[in-house]
Amino acid sequence: MSAKILDIENVTVSFDGFKALNNLNFNMDEGELRVIIGPNGAGKTTFLDVITGKVQPTEGKARFKGKDLSQRPEHEIARLGIGRKFQTPRVYLNLTPRENLELSCNRHKNVIATLFKQLSSAERRTIGGLLETIGLETKADVPAALLSHGEKQWLEIGMLVAQSPDLLLVDEPVAGLTDEETEKTGKLLMSLAESHSIVVIEHDMEFVRQIARQVTVLHQGSVLCEGTMSEVQNDPRVIEVYLGAQEEEV
Amino acid sequence: MIEGLIGGLFNGISIGAVLLIVALGLAIVFGLMGVINLAHGELMMLGAYTTYVVQNGFKAMGESALNFYIFAALPLSFLVAALVGLALERGVIRYLYGRPLETLLATWGVSLILRQFVRSVNWAMIVGLVVLCGLFFGGRWVLQRSQRQVAGWMTAVLLTLSVAIAVAVGLLLNQNAGVAFSRPWFSARNVDVTPPTWLRGGLALGTTLQFPYARLFIIVLTIACLAGVYWFLQRSAWGLRIRAVTQNRSMSACLGIPTEQVDALTFALGSGLAGIAGCAVTLLGSVGPNLGSNYIVDAFMVVVVGGVGKLVGSIVAALVIGIVTYLVGSGTLALLFTSAEGLQPLAAFFTFFATTSMAKVMVFALIITFLQFKPAGMFPQKGRTVEA
Amino acid sequence: MATDTFVRPKKGRQAHQRLLVEVGLVIAIALVLILVIPAVVSGFRLGLLGRFLALAIVALGIDLIWGFTGLLSLGHGIFFALGGYALAMYLQINTLGDGELPEFFSLYGVTELPWFWQPFYSLPFTLLAVFIIPAVVAGVLGYLVFRNRIRGVYFSILTQAALVVFFNFFNGQQELINGTNGLKTDTSTFLGVEVGSSSAQFNFYILTVVFLALAYALCRWLTSGRFGRMLIAIRDDENRMRFSGYDPTGFKVLVFAVSGAIAGIAGALYTVQSGIVSPQYMDIAFSIEMVIWVAVGGRATLVGAILGAVFVNLGRSLLSESFPEIWLFFQGALFLLVVTALPDGVVGWLRYRLSDRFRRWFGRSRSVVTPPLLELDPDVGAEKREAIDKR
């Protein structure tokens, strides 16, 4: 087996005594596509916050390719090669999709380079290709504020890819999308998984079934169980806390 | 030594109390509503002018009544400032919720208008204002009855017309109706409010210590206001609603809380407190149109250092800032170091800052340093709502 | 119609052409200001215009930091005054003979020139100090504030507090910098010419026009390229940038420093044209007024900032000549009007509302959709609310 790309060890995050993550242990291999599910308040988003440096763990360590992530500011972690898509799409509304992608694609992220360096033609081509992939060619030069919700979701995924990280953290990529869009997103993620390691957080069980190989279930801030979709689905504890109740609704 | 310390502490606390009573209304408006009210100082100024007017009224009633003007002035200042605040909220602020920078600019505009208003207000102007309100609101009422929806341009035209007519009426009165109409109410120069006799002098303790009654009165008043605000927010039904709306506006609306009324009430409360503060500071100095601007920046510092949305924070911050300001500004610190051998450079350093204005320089430097360690203030609020 | 207005200009030659046209226009306007206006306007009015143009330079600085980057500074008076003081100090001590001190020092019994006056004997140092000192002050202040992710209104309040501090400092130090009275420049000589003389004033006017054009070019360059898009991204969603690997602090510090430097130059130009620099330049009201010029003209439009500064000040001088009391009412109403009814300013309004022809006329710089209001964006709001609920 290849090296662990992400290794979370005994991480606890507490907000004023409330433990959003409780002694969480988690790791995944290079090139893996992992789906994380769990009921509301299980700590899924906090989990991503810890990896990306938005929240500092109260205890424990998070390592990316063996490098300790605590005490590093967000932008450094991003430069290490971790990209994140937010739960609700966060794109720069007053910039066009092309400019959004250019910002993320840029390799030189310090102030001086931004002032004086021009975009290379290779980068320009990458962006053109990405615009095609996410289906926004025709709207490439329209302010992102005018895009629909689904288009924004896709744009953000595109920005994530443009950053060319080694690890993609994708928080609820299909929330608010139509069935067709959901399926397309699934395909996109699957194709990305061929060359990236991906963590997907999702609520939509149909979608999870479509893409999941390995599933991790979070509950009350710790890992409840791990395994393939069918293993997880048949685990009585999971059924109790999550799937059983949820399945009827779906 | 001990006496000096107690004296210093008392003076510091009394500065802190003034800061706190000014900052209290701001803390409510900023902390609970996310509105930056730069007109807060001018609401104070209105409170101070109300006090002046009330005192003149009592003067007419004779010397014995004059001693108690302050008990009438306090509620009246509150009322005047609260009403103006209410008008401000209904007229402007309510369109700007969630956009703190816009509220900042708009309230600055209001503060300019209020400042000039007290300088040039006379009966002609009041008549003009009444005409303006009558025409505008009357016109809008008529429009609303006749049209299904009042278009933006109609309001604009109506407003322009009413302003033009009102200005014309005001100018005509000003020029032709005689001195009674054109004489400004207040002189452009600062006016003085004489404190009642029982607030003059001070409480003597020991040989050198003296606690001025006026300062003691302000401290007591501040404590009373704090207790009142605390009781209102924590114990009363409306206080509960205010807190509910602060935490989750849409949920509160779903539960049937009239959020608009709550907004108006909260803003009026904050403004009213500014009025009381204005009444209080008349005991310390003269009253002028620029009275408020002397306090407003300090008051904002208190709120920021204390932590937005936390009254406790404002209390602690006001006291700390007050005491530090006094210790540095009065030269007490410099004196302290002068007496010690080997600390002469330090003494010289503090002597440099031993004036009121230089003390501000130092206190600001300390505040910036403090914010390096605690960017969200002494008592940071979890899940802050005011974030621009 | 709605979409085609937003389509970006074609790349390559056409963009190049547009740039040439713009450069031509700027030069043409500058030439008109330098050659035509002085011929038709009286000396007094020309002096006023020169001062307004100096203020327009500050407005450009404010637009850079507020309009494009979304940081509302209420402390630009500091940088403005610092630039003015730097030049005024040079003028004060270089008009005198050897060993003489500026007159005011004797009033406070100062016999030796304070140390920080010494470097101002040198002209090159002074010319650098005019913009470097404000830039450094802005940079340090900005770094201390931005490092802690203090943003939005907190930034505004802190800059205002800094303004009060600088005001107190300059106002209180009688024996160092002549306190309240400020430093007069009109009777000093600059390169052998008396500053107050009409020939010198005319030269300062031309210099102001040139610097205004340069400041415009600088701001235009900063806001049009990739750096400009970074600024807009900071305004839109600063925190998001961190997750793309950018550190916004550096960008914000740089932009604040540049903005401060621009204000410093403006301050120096204004000082020599009005004949005095005093702590009044650091009045709270004056710094907020600068913001309103930009708001009236249209934030995030450089042309708007310039026009706003010139026309609001013109209005002020016209109004306060005839009815001094009315100006404050008028200004207050202007604040209210701009915030409630005209959030994009006059130029912004023209750009969106008027016909294509007009748009081409005014809208040479890239159009930016309505100002950033994170709070109003339901999606971001939803996320924030959720984050709060989670606690």
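This is a short walk through two chain interfaces, one sheet and one buried residue in the model shown above. Keep in mind that the model is predicted.

Okay, let's start with chains B and C. On the B side, 44 residues are in contact with 46 residues of chain C. How much area do chain B and chain C bury between them? About 4,400 Å², and 75% of it is on carbon and sulfur atoms. If you want to see where chain B loses the most area to chain C, click on Leu105(B), Trp108(B) and Gln372(B), which together account for 14% of what that side buries.

Now the charged side of that interface. Between chain B and chain C the rule finds one salt bridge. Glu102(B) forms a salt bridge with Arg299(C), with the closest N and O atoms 3.2 Å apart. For polar contacts across B and C, we get four residue pairs, both residues being at pLDDT 80 or more.

Which elements of chain B give two or more residues to the side that touches chain C? They are α5 (100-120), α13 (293-306) and α17 (356-373) of chain B. The largest share comes from α5(B), with 15 residues. As for the make-up of that side of chain B, I have 30 nonpolar residues, seven polar and seven charged.

Right, over to chains C and A. Here 40 residues of chain C are in contact with 45 residues of chain A. Chain C and chain A bury about 4,100 Å² between them, with 55% of it on carbon and sulfur atoms. On the chain C side, Arg226(C), Arg240(C) and Phe243(C) supply 22% of the area buried against chain A, and that's more than any other three residues.

How many salt bridges does the rule find across the interface of chain C and chain A? Five. Arg229(C) forms a salt bridge with Glu102(A), where the closest N and O atoms are 3.0 Å apart. The polar contacts between chain C and chain A come to 11 residue pairs, again with both at pLDDT 80 or more.

As for the helices involved, α8 (198-224), α9 (226-243), α10 (248-274) and α16 (378-390) of chain C each supply at least two residues of the side that touches chain A. It's α9(C) that gives the largest share there, 14 residues. By class, this side of chain C has 17 nonpolar, five polar and 18 charged residues.

Let me leave the interfaces and turn to a sheet in chain A. Four strands form an open sheet there, in the order β2-β1-β4-β5, and the pairing is antiparallel. The edges are β2 (18-29) and β5 (67-68) of chain A; each has a single partner strand, so one side of each is left without a neighbour in the sheet. Zoom in on that last pair: two bridges join β4 (residues 59-64) of chain A to β5(A), running antiparallel. In there you'll find Arg63(A) standing opposite Asp68(A) in β5(A).

Last stop, back in chain C. Glu289(C) lies in helix α11 (residues 284-297) of chain C. Is Glu289(C) buried or exposed? Its relative accessibility is 5%, so Glu289(C) counts as buried, the cut-off being under 20%. And what is Glu289(C) in contact with, leaving aside its neighbours within four places in sequence? That would be Asn313(C), Arg316(C) and Gln331(C).

That's it from me.

Notes. Residues numbered from 1 in each chain as written. Chains lettered and ligands numbered in written order. Predicted model: local features only at pLDDT ≥ 70, side-chain atom pairs only at ≥ 80, totals over all residues. Heavy atoms only, no water. Contact = heavy atoms within 4.5 Å. Buried area = accessible area lost by both parts, 1.4 Å probe. Salt bridge = Lys/Arg side-chain N within 4 Å of Asp/Glu carboxyl O. Polar contact = N/O pair within 3.5 Å; in protein donor to acceptor, adjacent residues only side chain to side chain. Nonpolar A, V, L, I, M, F, W, Y, C, P; charged D, E, K, R; others polar. Pairing = 2+ DSSP bridges. Buried < 20%, exposed > 50% of the residue type's maximum accessible area, 1.4 Å probe, protein only.
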